[in-house]
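Biologist: I have a structure here and a handful of labels attached to it. Could you take me through the reasoning behind them?

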Amino acid sequence: MMELLRAWLTGITAAAILCALANSLMPEGAVRRVGKLACGLVMLSAVLRPLVEVEALFPGDLLEDYQAQAAVQTQELEEERNAALKSIIEQEFAAYIVDKAAQIGAACTAQVTCRLGADGVFLPQSAAVQGSFTPQQQEELARILEEELAIPRARQSFLGHV
């Protein structure tokens with residue numbers, strides 16, 4: 001809609017400049033009167049051009065454009081929401097792992113990667129744990145990750161044994 005308005009105003013401006021230039025170059029007398037009439041018709045056609053192009057302003061077309069833009073924006077917002085939600089859930093799972101490690105006497109940091117499940121819920125896919133823990137603490141933490149978060153041992157990584 002803004003592009004149509006911009007094109008219309010540009011057309012009027014161009015017609016006005018053309019008419020002013022032509023008016024300054026015309027000699028006095030009958031030629032100038034005919035030139036003024038021609039310039040008036042050019043200006044009138046520039047002003048009324050949107051009425052001639054009624055199909056460009058047809059409400060159905062505007063509605064279709066609006067609906068298409070709304071669908072694109074909805075998709076983009078959904079993707080942004082999912083990315084933000086995934087990040088929050090990954091942080092929450094990582095905090096859960098750090099808390100569980102603290103309960104068994106280990107100090108660590110964790111990074112969790114999630115994936116979108118079939119039901120639209122983000123599920124933990126893998127975990128990387130780094131810190132100071134004994135082999136027994138590592139084994140206990142690996143069991144907790146497998147049983148409570150359903151992260152198989154093949155997708156668990158531990159760095160920093162004591």
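Modeller: Gladly. A search of the whole structure finds 0 disulfides. Please keep in mind that this is a predicted model.

Biologist: What makes the sulfur of Cys 19 too far from the closest cysteine sulfur for a bond?

Modeller: The closest cysteine sulfur to that of Cys 19 belongs to Cys 39, at 3.4 Å. A disulfide needs the two sulfur atoms within 2.5 Å, so the pair is too far apart for a bond. Seen from the other side, Cys 39 is in no disulfide either, with the sulfur of Cys 19 as its nearest cysteine sulfur.

Biologist: And why does Cys 19 count as buried?

Modeller: Buried means under 20% relative accessible area. Cys 19 has 11%, so the label fits. Cys 39 has 15% and therefore counts as buried too.

Biologist: Which residues of α1 are buried?

Modeller: Those are Ile 12, Ala 15 and Cys 19.

Biologist: How do you know that the span of helix α1 agrees with the expected one?

Modeller: Helix α1 covers residues 2-25, which is 24 residues. At 1.5 Å a residue it should span 34 Å, and its end C-alpha atoms are 35 Å apart, so the two values agree.

Biologist: Let's step back to the whole chain. How many helices and strands does it have?

Modeller: It has 4 helices and 3 strands. From the N terminus on, they are arranged as α-α-α-β-β-α-β.

Biologist: Why is the chain called more spread out than a compact globule?

Modeller: For 162 residues the globule rule gives 15 Å, while the radius of gyration of the chain is 35 Å, well over that, so the description follows. The C-alpha atoms fill a box of roughly 110 × 35 × 20 Å along the principal axes. Buried residues make up 23% of the 162 residues.

Biologist: What separation do the C-alpha atoms of Val 98 and Leu 4 have?

Modeller: They are separated by 58 Å, and the two residues are 94 apart along the chain. Val 98 is in helix α3, residues 59-103. With 28% relative accessibility, Val 98 counts as partly exposed, because that label covers values between the 20% and 50% cut-offs.

Biologist: Now the salt bridges. What makes Lys 86 and Glu 90 a salt bridge?

Modeller: The rule asks for a side-chain nitrogen of Lys or Arg within 4 Å of a carboxyl oxygen of Asp or Glu. For Lys 86 and Glu 90 the N to O distance is 3.8 Å, and their side chains meet in a salt bridge. Both residues lie in helix α3, 4 residues apart, about one turn of the helix. An α-helix has 3.6 residues a turn, so residues three or four places apart point the same way. As for cover, Lys 86 is partly exposed at 28%, whereas Glu 90 counts as buried at 19%.

Biologist: How many salt bridges does the count come to by this rule?

Modeller: The count is 8. Among them is the pair of Arg 153 and Glu 139, at 2.7 Å from N to O. Arg 153 lies in the loop between α4 and β3 and Glu 139 in helix α4, so this pair ties together parts that are 14 residues apart in sequence.

Biologist: Which residues are linked with Arg 153 in a network of salt bridges?

Modeller: Glu 139 and Glu 146 are linked with it. Arg 153 also forms a salt bridge with Glu 146, where the closest N and O atoms are 3.0 Å apart. Arg 153 is partly exposed at 34%, Glu 139 is partly exposed at 42%, and Glu 146 is partly exposed at 36%.

Biologist: Ala 150 sits in that loop between α4 and β3 as well. Why does Ala 150 count as exposed?

Modeller: Exposed means over 50%, and Ala 150 has 55% relative accessibility, so it counts as exposed. Its phi is near 60°, a positive value in a residue other than glycine.

Biologist: One last item: which residues form the nonpolar patch on the surface?

Modeller: Leu 37, Leu 41, Leu 44, Val 47, Leu 48 and Leu 51 form it, with about 570 Å² of accessible area together. Leu 48 belongs to helix α2, residues 30-52. A patch residue needs over 30% relative accessible area, and Leu 48, which is partly exposed, has 37%.

Key:
Residues are numbered from 1 along each chain as its sequence is written. This is a predicted model: local features need pLDDT of at least 70, side-chain atom pairs count only at pLDDT 80 or more; totals for chains, interfaces and linings use all residues. Side-chain values use heavy atoms; hydrogens and water are left out. Helices (H or I, at least four residues) and strands (E, at least two) are DSSP runs, numbered from the N terminus. Buried means under 20% relative accessible area, exposed over 50%, partly exposed in between (1.4 Å probe, protein chains only). Patches are made of residues with over 30% relative accessible area and no salt bridge: like charges are joined within 9 Å, nonpolar side chains (Val, Leu, Ile, Met, Phe, Trp, Tyr) within 5 Å. Accessible areas come from the Shrake-Rupley method with a 1.4 Å probe; for residues, only the protein chains shown count as cover. The expected span of a helix is 1.5 Å times one less than its number of residues. The radius of gyration is taken over C-alpha atoms; the globule rule is 2.2 Å times the number of residues to the power 0.38.
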